[in-house]
Amino acid sequence: MLLDVRTSVLLAMLIAGLLAVFLSVSIAAYPDPLRRHLARRALSLALQAAGWGLFGLRGEIDDAWSIPFANALLASSFVITLRALRGFAGKREAHPLDAPAVLLVVGLAAWFTVVAPNPPTRVLWVSLVFAVLFAESARMALAAAPAPRPRTHRVVATVYGLMVALMVVRAIRAAFDLAS
């Protein structure tokens, strides 16, 4: 294997953490209306770094702690990012399904890790919830600018589209693991 999972997770933690720091330092250079959304995005990156860090500790600390809490941090991060994107798009930032999405991920992660351990089922359902959050993030990235959309908005939407595809592939692989 060219790059093991632990190294990949730790790289994700480092990248998210550095981006959180860089964004936090640069927020003051932006106009007031954007600062709140950028601060929210910086917070989401810090939470994401913490979540990746917990995943990196798998095998070092009990899975009953690392998996549900890491998923809780990542789900919270993805929802906070989505709220920032809604703000950039001039939409109402909070959505009634934000908290239920996070609670669903936490519940699925805890249930299929602690109560009825079943990693493929956990991966399947958590990946699908994340895919929905990423799809909505892609939509909000495009909604944040009128047509013709700036290249940056299209790039962000494309990255989220790729994340949707990755989560769907991850879910399909987990479904095949369940079937075998």
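Is Ser127 buried or exposed? At 0% relative accessibility, Ser127 counts as buried, since the cut-off for buried is under 20% relative accessible area. The close-ups below come from a predicted model, and they start with this serine.

**View A. Ser127 and its partners.** Ser127 sits in helix α5. Its side chain makes a polar contact of 2.8 Å with the side chain of Arg170. Leaving out residues up to four places away in sequence, Ser127 touches Met167, Arg170 and Ala171. Arg170 is thus a good residue to find when you zoom in, as it appears both among the touching residues and as the polar partner.

**View B. The largest nonpolar core.** This core holds 29 residues, and the ones touching the most other members are Phe78, Val105, Phe130, Leu133 and Phe134. Two or more residues each come from α2 (32-56), α3 (63-88), α4 (98-115), α5 (119-143) and α6 (151-179). Helix α5 is the top contributor, giving nine residues. As background, nonpolar side chains in soluble globular proteins tend to be buried together.

**View C. Around Val105, and a core that lies apart.** Once its neighbours within four places in sequence are set aside, Val105 is in contact with Asn71, Ala75, Val126, Val129 and Phe130. Apart from the largest core lies another one, made of eight residues, including Ala20, Leu23, Ile27 and Leu45.

**View D. The largest pocket.** Here you are looking into about 1,600 Å³ of space. The lining counts 48 residues, with Gln48, Trp52, Phe78, Phe134 and Met163 the closest to the pocket centre. Phe78 and Phe134 may look familiar, as both are also among the residues with the most contacts to other members of the largest core. Helices α1 (5-26), α2, α3, α5 and α6 each supply at least two lining residues, and α6 gives the most, with 13. By class, the lining divides into 34 nonpolar, seven polar and seven charged residues.

**View E. The second largest pocket.** This pocket encloses about 230 Å³ of space. Its lining is made of 14 residues, and those nearest the centre are Leu97, Asp98, Ala101, Val132 and Leu133. Helices α3, α4 and α5 each give two or more residues to this lining, the largest share being the five from α5. Sorted by class, the lining has 10 nonpolar, one polar and three charged residues. Leu133 is worth finding again in View B, where it is listed among the core residues that touch the most other members.

Methods: Residues are numbered from 1 along each chain as its sequence is written. This is a predicted model: local features need pLDDT of at least 70, side-chain atom pairs count only at pLDDT 80 or more; totals for chains, interfaces and linings use all residues. Side-chain values use heavy atoms; hydrogens and water are left out. A nonpolar core is a set of buried Ala, Val, Leu, Ile, Met, Phe, Trp, Tyr and Cys residues joined through side-chain atoms within 4.5 Å. Buried means under 20% relative accessible area, exposed over 50%, partly exposed in between (1.4 Å probe, protein chains only). Helices (H or I, at least four residues) and strands (E, at least two) are DSSP runs, numbered from the N terminus. Contact means heavy atoms within 4.5 Å. On a 1 Å grid over the protein atoms alone, a cavity is a set of points where a 1.4 Å probe fits but cannot get out, and a pocket is an open set with protein on both sides within 12 Å along at least five of seven lines; lining residues have an atom within 4 Å of a point. Grid points are joined across faces, edges and corners, and a volume is the space filled by probe spheres set on the points. Ala, Val, Leu, Ile, Met, Phe, Trp, Tyr, Cys and Pro count as nonpolar, Asp, Glu, Lys and Arg as charged, and the others, Gly among them, as polar. A polar contact is a pair of N or O atoms within 3.5 Å; within protein, one must be able to donate a hydrogen and the other to accept it, and residues adjacent in sequence count only if both atoms are side-chain atoms.
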